[in-house]
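Open the model in your viewer and keep the sequence panel beside it. This tour moves from the whole chain to single residues, one selection at a time.

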Amino acid sequence: MANTENGRRPLDTRSIRTVSSSHIEDGSSLGSDSEINGFTSDRQTDKYGFIGGAQQYTEESAQDVPTAVLRQREVKWLDMLNHWDKWMIKRFNKVRLRCQKGIPPSLRGRAWLYLSGGKGKKEQNHGKFQELDSQPGDPKWSDVIEKDLHRQFPFHEMFVSRGGHGQKDLFRVLKAYTLYRPEEGYCQAQAPIAAVLLMHMPAEDAFWGLVQICEKYLPGYYSPGLEAIQLDGEILFALLRRVSPLAFRHLEKHKIDPILYMTEWFMCAFSRTLPWASVLRVWDMFLCDGVKIIFRVGLVLLKCMLGSREKLKACQGQYETMELLRAVEPRYMQEGFLVREILEVPITARDVEREHHSQLKRWRKNRGELNFKSPPRMHGARLVMLADPPRRQDLQQHPTILLEEAELLKKEQKSKKKTLKKSQVPEEIPNPYPLPNSAPPPPSFPPAPPPMPNKALENVPQTQTELLHQGRALPADLPPAKETPLQQSTHSLSSTDQDTYL
């Protein structure tokens with residue numbers, strides 16, 4: 001722990017060994033980028049693909065979700081993704097809660113694409129990425145992108161190889177964006193954003209995810225002059241006064257400009273600062289709720305590092321303060337602690353927008369108008385969807401791998417169902433209340449006894465009601481008469497339904 005820098009532990013050289021071609025056996029099979037680049041097959045990678053656990057205490061900071069809970073979450077997310085428009089419009093609070101709990105790793109790429117609006121954008125611009133990918137691109141930007149490829153997560157097995165598939169896809173995505181938005185071109189901070197997306201989705205999906213983040217979530221961040229990031233630095237500093245007055249006064253006293261410590265945080269969405277487990281959880285919430293999550297993370301780190309007098313004793317000047325902020329203590333960046341603190345920060349999207357207006361007014365007063373007018377910022381996935389509502393068919397999944405046997409099996413099952421429906425003849429049910437013209441139904445019970453003759457009816461004892469109508473007194477030894485079915489019924493004889501009932 002002592003020999004750490006910015007939360008990174010020293011790389012275990014035993015897990016990464018370079019080998020010369022003479023040590024590779026003829027029968028060996030080198031397939032992945034890391035193996036092609038010289039790393040042997042016995043390398044140690046964590047569950048996120050980082051060789052030697054290079055991404056800052058991944059094992060210690062990650063919270064392992066039980067398998068049963070993970071399967072339940074996967075089922076819930078599959079249902080949401082299959083009915084995405086209904087969930088986003090009617091039950092967005094439930095979507096937000098599930099993003100705060102963490103998106104299942106198996107569905108994270110698909111969920112990110114839906115949350116960012118990249119799925120609808122991709123379907124509405126079908127074939128656009130292929131068109132941009134086929135173009136050569138501006139040499140000015142292509143050369144700069146080529147130089148930055150090896151700097152993006154160099155210890156991740158996807159990007160470890162020069163010329164590997166990871167770096168090739170990264171180049172394709174970044175080059176396509178410079179052609180899609182030539183007025184913006186390329187910014188170095190876009191590379192880690194695109195790399196994170198590529199770890200979870202194909203190149204075309206990653207391109208449209210990058211487009212949505214640059215245009216909807218962080219507009220103006222990557223434009224020339226970086227005016228938007230400077231403006232958000234002032235917003236962060238103003239919000240810090242509310243969250244941690246002690247940290248605010250310390251930074252104000254030493255005249256430490258926010259742009260000095262928050263630029264990489266915000267422009268890279270903390271992908272180069274936090275442990276990877278925390279990066280994924282922050283991105284889950286960021287793509288759901290927008291830039292307020294990025295502000296909350298920055299406020300939590302500033303409060304934890306500069307929010308107590310004991311901490312401030314160790315940084316008496318500007319240099320010591322900056323060194324402290326460059327090396328955030330790992331315990332403050334752990335997944336469980338960080339997520340709890342983020343959810344407790346009392347900063348809403350309305351607070352960010354209100355502070356944005358006041359800081360923009362101050363900017364115009366001191367510096368004049370902004371040189372680059374960025375589009376309005378969308379605070380979360382729901383606003384992104386409402387601003388550009390996709391068609392329902394755009395949200396449907398189009399599987400890229402189709403099994404012929406499975407398709408034939410489905411067709412056979414459908415044909416069997418059709419034949420079964422045709423072969424089934426409905427049974428005739430006899431009418432218990434036949435009409436006068438219709439034939440009587442077949443008897444389902446023993447026939448009733450023949451009617452008694454008139455003489456026999458005279459000897460039948462009269463009922464109590466008949467005796468009362470005739471004005472006769474009831475015999476004392478007459479047994480109580482049984483109620484008829486009509487008397488037992490609760491239906492009224494004056495009811496309009498009585499006709500059909502009888």
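## The whole chain

Begin with the contacts. Among those between residues at least 6 apart in sequence, 74% join residues at least 24 apart. Keep in mind that this is a predicted model.

Now colour by secondary structure. You will find 28 helices and zero strands. The protein has 502 residues, and buried ones make up 43% of them. Switch on the surface next. About 29,800 Å² is exposed, with carbon and sulfur atoms supplying 53% of that area.

## Into the core

Hide the surface. Select Trp84, Phe207 and Tyr261. These residues have the most contacts inside the largest nonpolar core, a set of 116 residues. Then select residues 292-306, helix α17, which gives the most to this core: eleven residues.

Stop at Phe207. What does Phe207 touch, leaving aside its neighbours within four places in sequence? Its contacts are Phe129, Leu132, Val173, Ala176, Tyr177 and Tyr180.

## Helices α15 and α17

Keep α17 on screen and add α15, residues 259-267. The two helices pack at an angle of about 140°, and their axes are 10 Å apart. At that angle α15 is oblique to α17. The crossing of α15 past α17 is right-handed.

Show the side chains where they meet. From α15 come Tyr261, Trp265 and Phe266. From α17 come Ile294, Phe295, Gly298, Leu301 and Leu302.

Which residues of α15 are buried? Select Tyr261, Met262, Trp265, Phe266 and Met267 to see them. Here is a useful rule for reading such a list. An α-helix has 3.6 residues a turn, so residues three or four places apart point the same way.

Now bring up the cover. The elements over the buried residues of α15 include α11 (190-198), α13, α14, α17 and α19 (318-326).

## Phe266 up close

Zoom in on Phe266, in helix α15. Its relative accessibility is 0%, so Phe266 counts as buried. Leaving aside neighbours within four places in sequence, Phe266 is in contact with Leu218, Tyr221, Ile229, Leu236, Ile294 and Phe295.

Try the distance tool on Phe266 and Tyr221. They are 45 residues apart along the chain, yet their C-alpha atoms are separated by 8.7 Å.

## Two positive phi angles

Step past the end of α15 to Ala269. This residue sits in the loop between α15 and α16 (276-289). Its phi is positive, near 55°, in a residue other than glycine. Is Ala269 buried or exposed? It is buried, with a relative accessible area of 1%.

Go to Leu226 for another example. Its phi is also positive, about 50°, although Leu226 is not a glycine. Look for Leu226 in the loop between α12 and α13. Leu226 is partly exposed, with a relative accessible area of 29%.

## Ser244, between two helices

Select Ser244. It lies in the loop between α13 (227-243) and α14 (245-253). With 4% relative accessibility, Ser244 counts as buried. Beyond its neighbours within four places in sequence, Ser244 is in contact with Lys303 and Gly307.

## Helices α6 and α12

Move to another helix pair. Two packed helices are described by the angle between their axes and the distance between the axes. Select α6 (residues 108-116) and α12 (residues 203-217). Their axes come within 9 Å and cross at roughly 40°. That angle makes α6 oblique to α12. The crossing of α6 and α12 is left-handed.

Show the side that α6 brings: Leu113, Leu115 and Ser116. In α12 these residues meet Asp205, Gly209, Gln212 and Tyr217.

## Last stop: Gly102

Find the loop between α5 (92-101) and α6, and pick out Gly102. Gly102 is buried, with a relative accessible area of 7%. Which residues are in contact with Gly102, leaving aside its neighbours within four places in sequence? They are Arg73, Trp77, Arg281 and Asp284.

Finish with one more distance. The C-alpha atoms of Gly102 and Arg73 are separated by 9.1 Å, and the two residues are 29 apart along the chain.

Methods. Residues numbered from 1 in each chain as written. Predicted model: local features only at pLDDT ≥ 70, side-chain atom pairs only at ≥ 80, totals over all residues. Heavy atoms only, no water. Helix = DSSP H or I, 4+ residues; strand = E, 2+ residues; numbered from the N terminus. Buried < 20%, exposed > 50% of the residue type's maximum accessible area, 1.4 Å probe, protein only. Contact = heavy atoms within 4.5 Å. Areas by Shrake-Rupley, 256 points an atom, 1.4 Å probe, with all protein chains shown as cover. Core = buried A, V, L, I, M, F, W, Y, C linked by side-chain atoms within 4.5 Å. Axes fitted to C-alpha atoms, helices over the stretch in contact; angles between N-to-C directions. Parallel < 35°, antiparallel > 145°, perpendicular 65-115°, else oblique. Left-handed = near helix turned anticlockwise from the far one by under 90°.
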